[in-house]
Amino acid sequence: MDIAALRDKNPEHWAKATAIRVLAMDAVQAANSGHPGMPMGMADVATVLFSKHLKFDASAPGWADRDRFVLSAGHGSMLIYALMYLTGYADITLDEVKNFRQWGSKTAGHPENFLARGIETTTGPLGQGIANSVGFAIAEESLRARFGKKVVDHYTWVIAGDGCLMEGISHEAIGLAGMQKLSKLIVLWDNNNISIDGKISLSDITNQRERFAAAGWKVLSCDGHDPADIDRAMTEAKTSDRPVMIDCKTHIGFGSPKKQDTAGAHGSPLGPDEIKVVREIYGWPYPAFEIPADILDTWRKIGAKGKAARKDWEARLDEQSAAKKAEFERQMSLTPPKKLAAAIRAVKKQASETAPKVATRKASELVLEAVNPVVPETIGGSADLTGSNLTKSADLGIFNPENRKGRYIHYGIREHGMAAAMNGMVLHGGVRPYGGTFLCFTDYARAAMRLSALMEIPTVYVMTHDSIGQGEDGPTHQPVEHLAICRATPNTWTFRPADLVETAEAWELALMSEKTPSVLALSRQNLTTVRKTHTAKNLTAQGAYILAEAEARRRAILIATGSEVEIALAAREILEGKGIGTRVVSMPCMELFAAQPESYRKKVLPAGPVRVGIEAAVRASWDRWLLGERGVEKKAGFVGMKGFGASAPADRLYKEFGITAEAVAAKVQALV
């Protein structure tokens, strides 16, 4: 690579791109940690993108109609930090660049959406960013169909590396995007042929161009160090009627005599001696972290050039009717509509009065039939289990290339891709996505679900077939440890409602949440209504509450969730008949109960009585409520699962595994 020739041919471009490269080298060296090679290699592509194609205004990171830029190759985080500093984003200052990867800095090891305005999504785990971007593009299409091109018309640009494309989630994302013909999605593949272990040929022989083409994408290519060729490819990409992948052939660690095109540039500093040599090769005589005023000024003008487009957009938004503008702003802010509360109350009241015996997956469908018409920003979906998850209400219509106003997505058997795409939709704004699969298959969606919590976004996961009550499909489909896994995840609400009333309350909380994702664990089998007295108050919001009080002197407290609440109530009848006063506590959400004041928790779980937890799952996550919170081990027990399930009808399974009212009563009698 003749760097001198590149410098001479494109001096202005070279100066801008070199500013990115040296900031990346210097920050990684100062931290003695990080990945300098990718920013050095993709600096030319990023410079062309930001200077000529990306629609953004650095002074307004939240501008609704900005282009979205996703750095899927998140290990190259210094690329986005350098770009944000150079273009003038307020949150990324030079001091932040200098404090790369240090305590309290906004420049974390990988881009974190909650640390700095202008970072669209958290992209540490490879493949998540490109999958998020599919959700960004879906949200853009949906909003454009609802509000018109004058209000919504932007692209989603993604930089993805070889690692992103090797992760399995990328296959799900690429297939979904191609099928949906998301023409506003453009992926820039950093084709540098290097991963941490060495050359890509050590582990992969996939022809990525043919792979994308087979999935329905338009495929282009360019020399990733030739600004004119990069510009040509990006310009053509914006004319496509399909998603586009641009193969950008680059050199990792560009310009480093010792580390270019090697794994040595991937995950460690270049070293002070090598940086000195690279500076000479670049023709960059300035010390660490110094960007000459003229170059910084050029970048700042790039960061400000979108201001006129933003002002024009604001004028177009103002031209809309007051009602349409207000509705757009409400949806973009994820503020729930006022009609939501009334819709939920109506469902609860009817359920308490009619006491239906329905599975909570069916209860969820009944709630959605009431909610979706008054919450127009919901977009539902399922990973090929629509008839089992019951996630499609009658009014939604199918979202596809022929009907962008549709609000239901057939994700196919892509649990991980579905979860990550939903994260992208929430991050985009204007959409409240929910998607379904079996609770057991949270295993497949787990990485994206964890990121929902980490990114503080209210994605909703409808996870049905929540226990051995799933029945005949057997232990491969019967979750026993999955509730514990969800509950172990910080900033996650795991709801396991007992009936239609609790299901409606869980949905209300999920759709009102601003920063916390929700998992709705729903039964396959029919459940008796346990809340037969209507209350306007959302009791599920307390996490746990007294469902039935002891009649005799209180000697036992039964704590149950979901399908086991009715077992607890039946056990209470047995125990009361034996003179053992028994309180039943329904605990639909442990996380919300833990967040209540101690005075309330003490009222629900006072010291003294025997406590027995009942759940058709493993005991993990239960000991706080059985042994802690004023409980003691010798007076605590658990009725649930100790291992995996089996294939049989649900009623037989509950009997065989000892999850019955009689077993609960016997456990209490032994403890008292």
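1. Let's start with Leu653. In this predicted model, Leu653 is buried, with a relative accessible area of 3%; the cut-off for buried is under 20%, so that call is a clear one. Leu653 sits in helix H26, which runs over residues 650-656. What does Leu653 touch once residues up to four places away in sequence are left out? The list is Ile468, Gly471, Gln478, Ala646 and Ala648. Have a look at Gly469 while you are there: Leu653 and Gly469 are 184 residues apart in sequence, yet their C-alpha atoms are 7.4 Å apart in space.

2. Stay with H26 for a moment, as it turns up again at a pocket. The second largest pocket holds about 360 Å³ of space, and H26 gives the most to its lining, with four residues. Helix H22 (565-577) and helix H27 (661-671) each supply at least two residues of that lining, as does H26. There are 16 lining residues, and those nearest the centre of the pocket are Glu566, Ile567, Asp651, Tyr654 and Ile659. By class, the lining of this second largest pocket splits into six nonpolar, five polar and five charged residues.

3. Now the largest pocket, with about 670 Å³ of space. Which residues lie nearest its centre? Of the 27 that line the largest pocket, they are Arg66, Asn113, Glu120, Val426 and Leu427. Helix H18 (residues 415-428) gives the most to this lining, with three residues. The classes come out as twelve nonpolar, seven polar and eight charged for the largest pocket.

4. On to enclosed space. How many cavities of 30 Å³ or more does the structure hold? Two. The largest cavity has a volume of about 120 Å³, and 14 residues line it, with Leu54, Phe69, Tyr89, Gly118 and Glu120 closest to its centre. Its lining has nine nonpolar, one polar and four charged residues. Glu120 is worth picking out on screen: it is among the residues closest to the centre of the largest cavity, and it is also among those nearest the centre of the largest pocket.

5. The second largest cavity contains about 50 Å³ of space. Lining it are Arg446, Met449, Arg450, Tyr461, Cys486, Thr489, Thr492, Pro517 and Val519. Helix H19 (residues 442-455) gives the most here, with three residues. If you sort the lining of the second largest cavity by class, you get five nonpolar, two polar and two charged residues.

6. Helix H12 makes a nice check on geometry. It has twelve residues, 293-304, and at 1.5 Å a residue it should span 16 Å; the C-alpha atoms at its ends are 16 Å apart, so the two agree. Which residues of H12 are buried? They are Ile295, Leu296, Trp299, Ile302 and Gly303. These buried residues cover an arc of only 115° around the axis, which puts them on the same side of H12. The general rule behind this kind of spacing is that an α-helix has 3.6 residues a turn, so residues three or four places apart point the same way.

7. What does the buried side of H12 pack against? Its buried residues meet three helices: H2 (11-31), H3 (37-53) and H4 (77-87). Turn H12 around and you find the exposed residues Ala293, Asp294 and Lys301, on the face turned away from the buried side.

8. Last, two charged residues of helix H16 (residues 360-371). Glu365 lies in this helix, and Lys362 does too. Are they buried or exposed? Glu365 is buried, with a relative accessible area of 15%, which falls under the 20% cut-off. Lys362 is partly exposed, with a relative accessible area of 34%; partly exposed covers what lies between that cut-off and the one for exposed, over 50%. Leaving aside neighbours within four places in sequence, Glu365 is in contact with Leu390 and Lys392. For Lys362, the residue to look at is Asn389: the two are 27 residues apart in sequence and 8.2 Å apart in space, C-alpha to C-alpha.

Key: Residues are numbered from 1 along each chain as its sequence is written. This is a predicted model: local features need pLDDT of at least 70, side-chain atom pairs count only at pLDDT 80 or more; totals for chains, interfaces and linings use all residues. Side-chain values use heavy atoms; hydrogens and water are left out. The expected span of a helix is 1.5 Å times one less than its number of residues. Buried means under 20% relative accessible area, exposed over 50%, partly exposed in between (1.4 Å probe, protein chains only). The arc is that of the directions from the helix axis to the C-beta atoms. Contact means heavy atoms within 4.5 Å. On a 1 Å grid over the protein atoms alone, a cavity is a set of points where a 1.4 Å probe fits but cannot get out, and a pocket is an open set with protein on both sides within 12 Å along at least five of seven lines; lining residues have an atom within 4 Å of a point. Grid points are joined across faces, edges and corners, and a volume is the space filled by probe spheres set on the points.
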